[in-house]
Amino acid sequence: MRNHQVTDTLKRPLRDLRISVIDRCNFRCTYCMPAEIFGDDYPFMPESELLSFDEMETLARTFTKLGVEKIRITGGEPLLRKGMPELIERLSSLDGIHDIALTTNGVFLVKQAQALKKAGLDRVNVSLDAVDERIFQQMNGRNMKPRAVLNGIDAALEAGLGVKVNMVVQRGVNDTDILPMARYFKNKGVTLRFIEYMDVGQTNGWNFSEVVTKKEIYEQLTELSPLVPVEEAYFGEVANRYRYEGTETEIGFISSVSDTFCSSCTRARISADGKLYTCLFAEHGHDLRALLRHNKAGGETLEDRLTSIWQQRRDRYSEERTEETVRNRKKIEMSYIGG
Ligand code: SAM
Ligand code: SF4
Ligand code: SF4
């Protein structure tokens with residue numbers, strides 16, 4: 001049962017927990033894990049460094065006491081971690097958890113969607129950056145065709161999972177596929193969300209000129225249909241939602257660069273090796289694994305430690321983003337923290 005709702009220095013409650021279960025991936029998306037850097041000799045974490053399911057469960061249970069109601073599983077590619085249905089089952093049985101979601105590149109859903117649904121998974125966010133074969137094959141760095149992901153999406157829908165599709169838009173790379181993607185998912189009645197390309201990590205060589213803003217995308221979409229705004233469903237919802245006029249099919253924008261949402265950011269993130277980050281752009285994490293494995297809390301309980309970290313939180317990177325922070329801040333990789 002929830003004991004208390006902890007808030008940070010900007011009065012933001014702690015509501016969502018994102019757990020990265022693995023740092024490896026079967027893709028090499030150019031903006032996330034460029035193949036030249038994440039090559040055969042890249043030092044991924046050995047299994048012993050990953051949090052075990054027991055450790056994740058203990059952490060998640062403690063987080064529910066501080067107000068967490070939703071859990072998202074991510075990675076790397078989370079479905080590369082063995083035994084995911086077991087983890088989902090354990091987390092979905094926790095008191096106070098109302099929603100469990102998973103972010104995935106979708107390829108393994110064909111095999112796993114049914115078991116994940118049965119285990120208690122509510123929703124999947126499937127990342128797909130283009131329906132155009134050539135563009136998608138180039139972007140995922142593994143020559144994978146969009147069909148492999150589209151089949152995964154179909155499998156998730158058939159299993160009864162909620163499905164949303166996320167497209168990161170990068171100028172000069174996949175912006176020509178905005179309308180083809182919108183048409184495809186409008187016809188299918190599946191929500192598509194456009195994500196502004198962000199300056200996460202150190203490896204993608206981010207440049208503001210590559211960001212296609214919500215405003216530009218919105219203008220393109222009106223060629224397809226007029227859009228009707230949809231009200232925010234809850235405090236801290238990151239997407240601005242619209243529906244195509246005359247339908248119930250929604251589209252969304254996650255405009256973390258052009259229209260920031262730090263003031264309602266209620267998310268804590270745990271890396272696959274058990275570090276807690278209070279912001280996607282944080283330079284340092286808090287080592288919860290050491291606390292769990294070696295009881296290094298010096299008498300402080302895990303709950304006290306988490307409470308004190310959240311109460312001191314003051315992150316609002318996207319609101320403070322400048323040329324200087326883009327260039328000089330040492331940021332963690334998206335494949336490490338999971339987005
Ligand atoms: N592998 C899974 C996937 O791709 O869905 C989960 C992890 S991936 C890091 C989570 C999300 O982060 C994906 O939707 C991906 O497109 C997004 N992402 C990665 N790098 C990004 C960036 N620089 N800007 C915006 N989104 C990014
Ligand atoms: Fe892998 Fe997801 Fe990163 Fe692409 S975005 S490389 S699928 S972790
Ligand atoms: Fe939250 Fe940090 Fe993103 Fe702001 S920049 S919305 S504080 S994760």
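In the next few minutes I will go through the surroundings of one ligand and then a run of paired strands. Please keep in mind throughout that what we are looking at is a predicted model.

Let me begin with ligand 3, whose shell is made up of Phe261, Cys262, Cys265, Arg269, Cys279, Leu280, Phe281, Arg313, Asp315, Tyr317 and Ser318. Sorted by character, that shell comprises 7 nonpolar residues, 1 polar residue and 3 charged ones. Cysteines are among the residues around the ligand, including Cys262 and Cys279, and so the question of accessibility arises for both. Cys262 has a relative accessibility of 10%, and because the cut-off for buried is under 20%, Cys262 counts as buried. Cys279, for its part, has a relative accessible area of 11% and is likewise buried. As for disulfides, which are covalent bonds between the sulfur atoms of two cysteines, the structure holds 0 of them.

Let me now turn to the strands. Strand β3, covering residues 99-104, runs parallel to strand β4, covering residues 123-127, and 4 bridges join the two. Within this pairing, Leu102 stands opposite Val124 in β4. To get from β3 to β4 the chain passes through helix α3, residues 109-119, and the resulting β-α-β crossover is right-handed.

On to the next pairing: β4 also pairs with strand β5, residues 162-169, again in the parallel sense, this time over 5 bridges. Here Arg123 has Gly162 in β5 as its bridge partner. To put the strands together, then, β4 pairs in parallel with β3 and also with β5.

Technical notes. Residues numbered from 1 in each chain as written. Chains lettered and ligands numbered in written order. Predicted model: local features only at pLDDT ≥ 70, side-chain atom pairs only at ≥ 80, totals over all residues. Heavy atoms only, no water. Near = heavy atom within 4 Å. Nonpolar A, V, L, I, M, F, W, Y, C, P; charged D, E, K, R; others polar. Disulfide = S-S within 2.5 Å. Buried < 20%, exposed > 50% of the residue type's maximum accessible area, 1.4 Å probe, protein only. Pairing = 2+ DSSP bridges. Helix = DSSP H or I, 4+ residues; strand = E, 2+ residues; numbered from the N terminus. Right-handed = clockwise from strand over helix to strand, strands pointing away.
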